[in-house]
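This report covers pockets, strand pairing and selected residues of one protein chain. Please read it alongside the sequence and the coordinates.

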Amino acid sequence: MMEPVAKKSALIICGDYMEDYEVMVPFHVLQAFGVHVDCVSPTKLPGHKCITAVHELLGFELYTELPGHTFTLNSDFDEVQAECYDALIIPGGRFTEVLSVDDKVLGIVKGFAEAGKPIATSCHSQLLLAAAGVLKGKKCTAFASMKPVIEMAGGVWWEQPGISSVLDITACLKDGNILSSIGWPAHAEYLRALFESMGAKIHTSETNSVLFLCGDYVEDYEINVPFRALQAVGCKVDAITPNKKKGEACVTAIHDDEGAQVFSEKRGHNFFITANWDDIRLYDYDCVIVPGGRSPELLVMNEKAVTLVKEFAEKNRIIAGIGQGEWLLAAAGVLKGKRCAASHGMKVMVKMGGGELEESEGCVTDGKLVTATGWPALPAFISELSKLLGLSLSFE
C-alpha cells in the first residue's frame, strides 16, 4: 500500500447493524492510501464481529434493511485515546441509538470535537454529534428524518437541492471539523473531504478515466469500494453492463465467510449503471476493471464483453480483475504468461488461461495487469491500481 509522507491514523466507532458500506468503504479506502485504521465497539474486543446492515430503497415508503457482511474489529474500545488519532469516523445505522447514551462513546466524540479533529458522519450517525452536544451553530446534513434532531441540538439543517434519485446524492457538507452526508451514495465527496481534512494532497499528472464491467450479482464490495475510491481521488469513473441502460440498477451479492466451505451469499445494495454500453469508446478510458461475484458468469457469455477486454489489452491499457472477475479475463486471453493472485475458486481458471499463480499474494501487479483474490485484498488492489494510474496522496 502507498506510504504517506506523514503517517496518519483514523478511528471508526462501530456497532451491530451499522450500515455496511458506511464502515467498509472508509475502512478499505483509507488503508489503500496508507492511513492506519482502528475499529472499536463498546463491550466487544479485537477479533469480535459486528453485524452490518444494508440500507436500500426497494420501492417502499422507507428504505429496507437487509442483512450485510460481518465486520471484524481490530482494536480495543477501552484503550481508545482520542489524541492518538487524526480523524473519527462514525458510520450510520441503528447502532448509533444505543451508543447515543454511552458516556464513554460521547466522551470520545467530545474529545475529537474539542481538539478540532475531523469527525465524519453519515446518514443517522449525526445522532452522536447531537448527543455529545457538539452541533451548536454547525451546519449539518443527514438522512431527512434527522432534521429535527439536528435542529433540536442547535445545529443548522442543510439539504442538498435537486435530488430526484440515488444518483443525484453526491454532497458531503463540511463545517469546521464536522463532515456530514446523507449516506453512502455520497461516498466519493465524503472521502475527498475526509482526506483533505486530514491534510492530504492528491497528486496526479492527468485526469484518468476508469471503466467497470458488471452485471446482476456483482460482488457488493468489489464494485462499490474501488468505484468510490477512484472517484474520490479525481478519476472519471463509469460502470456499464451489456443489457442495461444508464440509470438502471444491478443487484449486488454479498459474499461473506460464515464458516461454511464457501462464502455465503446474500442480496446486497443496488448499484447503478452510469453509462450506456453502446456509447462507450475505448479511447476514452485508461483502465478497465472487472469485479467478482457471479456477474462474470453473465459477462463471459456475452461476446461484446469478452471482445471489449481483448481490445483494452490490444491497446496496452490497464486491466484489473478481482475475485471471480478473473473468469472474464481468462476468457479474453489476457492472463497468458502473467503472474496472478487468485482465490481458490479462480485458481483453475487462471491456470487454464495460461496465468502463473502467486499462491501467497492477495494482490499482484504484472505490467499493466492487476489481479486480487477478493474483497479482503481491496486496500492493496486500490493501491496498486492507483500507482498504475499515476495517482498518489501525501499528508502534511
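Two strands count as paired if DSSP finds at least two bridges between them. The model discussed here is predicted. Under that rule, S14 and strand S16 (residues 249-256) are a pair, joined by two bridges and running parallel. Within this pairing, Val218 is placed opposite Thr252 of S16.

## Sheet pairing

S14 and S16 belong to an open sheet of three strands with the order S14-S16-S17 and mixed pairing. Strand S14 (218-219) and strand S17 (264-272) each have a single partner strand and stand at the edges, so one side of each has no neighbour in the sheet.

Strands of a sheet pair through backbone hydrogen bonds, in either a parallel or an antiparallel sense.

Another set of pairings involves S7. Strand S6 (residues 87-90) runs parallel to S7 and is joined to it by three bridges. Leu88 has Ile119 of S7 as its bridge partner. S7 also pairs with S11, again in the parallel sense, over four bridges, and here Thr121 is partnered by Ser180 in S11. Which residues cover the two faces of S7? Ile119 and Thr121 are on one side, Ala120 and Ser122 are on the other, and all are buried.

S11 (residues 178-181) is in turn joined to strand S10 (residues 172-175) by four bridges, and these two strands run antiparallel. Cys172 stands opposite Ser181 of S11. The hairpin of S10 and S11 has two residues between the strands, and Gly176 in this hairpin takes a positive phi near 65°.

## Pockets

Rolling a probe the size of a water molecule over the atoms shows where empty space is left. The table lists the two largest pockets.

| Pocket | Volume | Nonpolar lining residues | Polar lining residues | Charged lining residues |
|---|---|---|---|---|
| Largest | about 570 Å³ | six | 13 | seven |
| Second largest | about 420 Å³ | 14 | three | five |

The largest pocket has a volume of about 570 Å³. Its lining comprises 26 residues, and those closest to the centre are Phe263, Gln324, Ser343, His344 and Gly345. The second largest pocket is lined by 22 residues, with Leu57, Phe143, Ile169, Ile182 and Pro185 nearest its centre. Nonpolar residues number 14 in the lining of this second pocket, while the lining of the largest pocket has 13 polar residues.

## His55 and its surroundings

His55 is part of strand S4 (residues 49-56). Is His55 buried or exposed? Its relative accessibility is 8%, so His55 counts as buried. The side chain of His55 makes a polar contact of 2.8 Å with the side chain of Glu65. Residues up to four places away in sequence aside, His55 touches Glu19, Tyr63, Thr64, Glu65, Gly93, Trp184 and His269.

## Helix H6

Helix H6 spans residues 187-197, and its buried residues are His187, Ala188, Tyr190, Leu191, Ala193, Leu194 and Phe195. After H6 comes Gly199, with a positive phi near 85°.

## Residues in loops

Two residues other than glycine have positive phi values: Thr43 at about 70° and Cys123 at about 65°. Thr43 sits in the loop between strand S3 (36-40) and S4. Cys123 is in the loop between strand S7 (119-122) and helix H4 (126-132).

How does their accessibility compare with the cut-offs, under 20% for buried and over 50% for exposed? Thr43 has 79% relative accessibility and therefore counts as exposed. Cys123 has a relative accessible area of 8%, so Cys123 is buried.

Gly154 lies in the loop between helix H5 (147-152) and strand S9 (156-157). With a relative accessible area of 33%, Gly154 is partly exposed. Apart from neighbours within four places in sequence, Gly154 is in contact with Leu135, Lys136, Gly137 and Lys138. The C-alpha atom of Gly154 is separated by 50 Å from that of Arg281, with the two residues 127 apart along the chain.

Note on methods
Residues are numbered from 1 along each chain as its sequence is written. This is a predicted model: local features need pLDDT of at least 70, side-chain atom pairs count only at pLDDT 80 or more; totals for chains, interfaces and linings use all residues. Side-chain values use heavy atoms; hydrogens and water are left out. On a 1 Å grid over the protein atoms alone, a cavity is a set of points where a 1.4 Å probe fits but cannot get out, and a pocket is an open set with protein on both sides within 12 Å along at least five of seven lines; lining residues have an atom within 4 Å of a point. Grid points are joined across faces, edges and corners, and a volume is the space filled by probe spheres set on the points. Ala, Val, Leu, Ile, Met, Phe, Trp, Tyr, Cys and Pro count as nonpolar, Asp, Glu, Lys and Arg as charged, and the others, Gly among them, as polar. Buried means under 20% relative accessible area, exposed over 50%, partly exposed in between (1.4 Å probe, protein chains only). A polar contact is a pair of N or O atoms within 3.5 Å; within protein, one must be able to donate a hydrogen and the other to accept it, and residues adjacent in sequence count only if both atoms are side-chain atoms. Contact means heavy atoms within 4.5 Å.
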